[in-house]
Amino acid sequence: MISVEDYLPAVGYVKNDPEFKMNYLIDVTAIDYDDHFDMVTQLRSIEKGHKVFFCVQIKKNFDIPEEERPTALLGSVPTISHLYPGAEVKEREVYDMFGINFEGHPDLRRIFLDKDFVGYPLRKDFTHPQMIKRPV
């Protein structure tokens, strides 16, 4: 687990350090928990053949009124799109599905859903009038 503050320096370090040479971005995704998101970034060194996984715990902003939370950006983390150009699309997907803000992202907008879509479908607090709830 790595802090939000250490995320960008750590990713930059493993990309540029000759011992690591993490030159390939595999994925950026997130997991929603009740009080935080875990954002997972997977990197690989093509030359050396190893992988590194970063897990960043992003605390949810509970200062936002409860009725506004399902449609609000609840967390924020710096972008790595300037280090890995492929992160631009992957971060947009995480933004679109989870509502996590990527600070400094060059084009942070929805990628799969319509721009007027309300909410973030992969979050636990997401509801939709046409959604059928499974009995527990």
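Two strands are taken to pair if DSSP finds at least two bridges between them. Helices (H or I, at least four residues) and strands (E, at least two) are themselves DSSP runs, numbered from the N terminus. In this predicted model, Leu43 stands opposite Val52 in β3.

The model is predicted, and local features need pLDDT of at least 70, side-chain atom pairs count only at pLDDT 80 or more, and totals for chains, interfaces and linings use all residues. Residues are numbered from 1 along each chain as its sequence is written, and side-chain values use heavy atoms, with hydrogens and water left out.

**Overall layout**

The chain has two helices and five strands, which follow the order α-β-β-β-β-α-β from the N terminus. Its C-alpha trace spans about 50 × 30 × 25 Å along the principal axes. Of the 136 residues, 40% count as buried, where buried means under 20% relative accessible area, exposed over 50%, and partly exposed in between (1.4 Å probe, protein chains only). Among contacts (heavy atoms within 4.5 Å) with a separation of 6 or more, 52% come from residues 24 or more positions apart.

**Strands β1 to β3**

Strands β1 and β2 run antiparallel and are joined by eight bridges. Tyr24 has Arg44 in β2 as its bridge partner. These two strands form a hairpin with three residues between them.

Strand β2 (residues 36-44) also runs antiparallel to β3, with nine bridges between them. Here the hairpin has six residues between the strands, and Gly49 in the turn has a positive phi of about 80°.

Strand β3 (residues 51-59) has two faces: Val52, Phe54, Val56 and Ile58 are on the covered one, while Lys51, Phe53, Cys55, Gln57 and Lys59 are on the uncovered one.

**Helix α1 and the nonpolar core**

In α1, the buried residues are Tyr7, Ala10, Val11, Gly12 and Val14. Their cover includes β2, β3 and β4.

A nonpolar core is a set of buried Ala, Val, Leu, Ile, Met, Phe, Trp, Tyr and Cys residues joined through side-chain atoms within 4.5 Å. The largest one here has 29 residues, of which Phe54, Tyr84 and Ile100 touch the most other members. Two or more residues of this core come from each of α1 (4-16), β1 (24-32), β2, β3, α2 (87-98) and β5 (100-103). Not counting residues up to four places away in sequence, Ile100 touches Ala30, Phe37, Ile58, Leu73, Gly75, Val77, Val94 and Tyr95. In soluble globular proteins, nonpolar side chains tend to be buried together.

**Two loop residues**

Asp17 is placed in the loop between α1 and β1. Asp17 is buried yet has no salt bridge, and the nearest side chain of opposite charge, Lys48, is 7.8 Å away. For charge, Lys and Arg count as positive and Asp and Glu as negative, with His and the chain ends not counted. A polar atom of the Asp17 side chain lies 2.8 Å from the backbone nitrogen of Glu19.

Phe62 lies in the loop between β3 and β4 (75-78). With a relative accessible area of 40%, Phe62 is partly exposed. Leaving aside neighbours within four places in sequence, Phe62 is in contact with Asp34, Asp35 and Arg69. Its C-alpha atom is separated by 7.7 Å from that of Leu74, twelve residues apart along the chain.

**Salt bridges**

A salt bridge is a side-chain nitrogen of Lys or Arg within 4 Å of a carboxyl oxygen of Asp or Glu. The whole structure contains seven salt bridges, including the three in the table.

| Acidic residue | Basic residue | N to O distance |
|---|---|---|
| Asp107 | Arg92 | 3.7 Å |
| Asp107 | Arg109 | 2.8 Å |
| Asp125 | Arg123 | 3.2 Å |

Salt bridges that share partners join Arg92, Asp107 and Arg109 into one network. The pair of Asp107 and Arg92 links distant parts of the chain, with Asp107 in the segment after β5 and Arg92 in helix α2, 15 residues apart. Asp107 is partly exposed at 25% relative accessibility, whereas Arg92 is buried at 10%. Arg109, at 45% relative accessibility, counts as partly exposed.

In the remaining tabulated pair, Asp125 is partly exposed with a relative accessible area of 27%, and Arg123 is buried at 4% relative accessibility.

Conventions
Polar contact = N/O pair within 3.5 Å; in protein donor to acceptor, adjacent residues only side chain to side chain.
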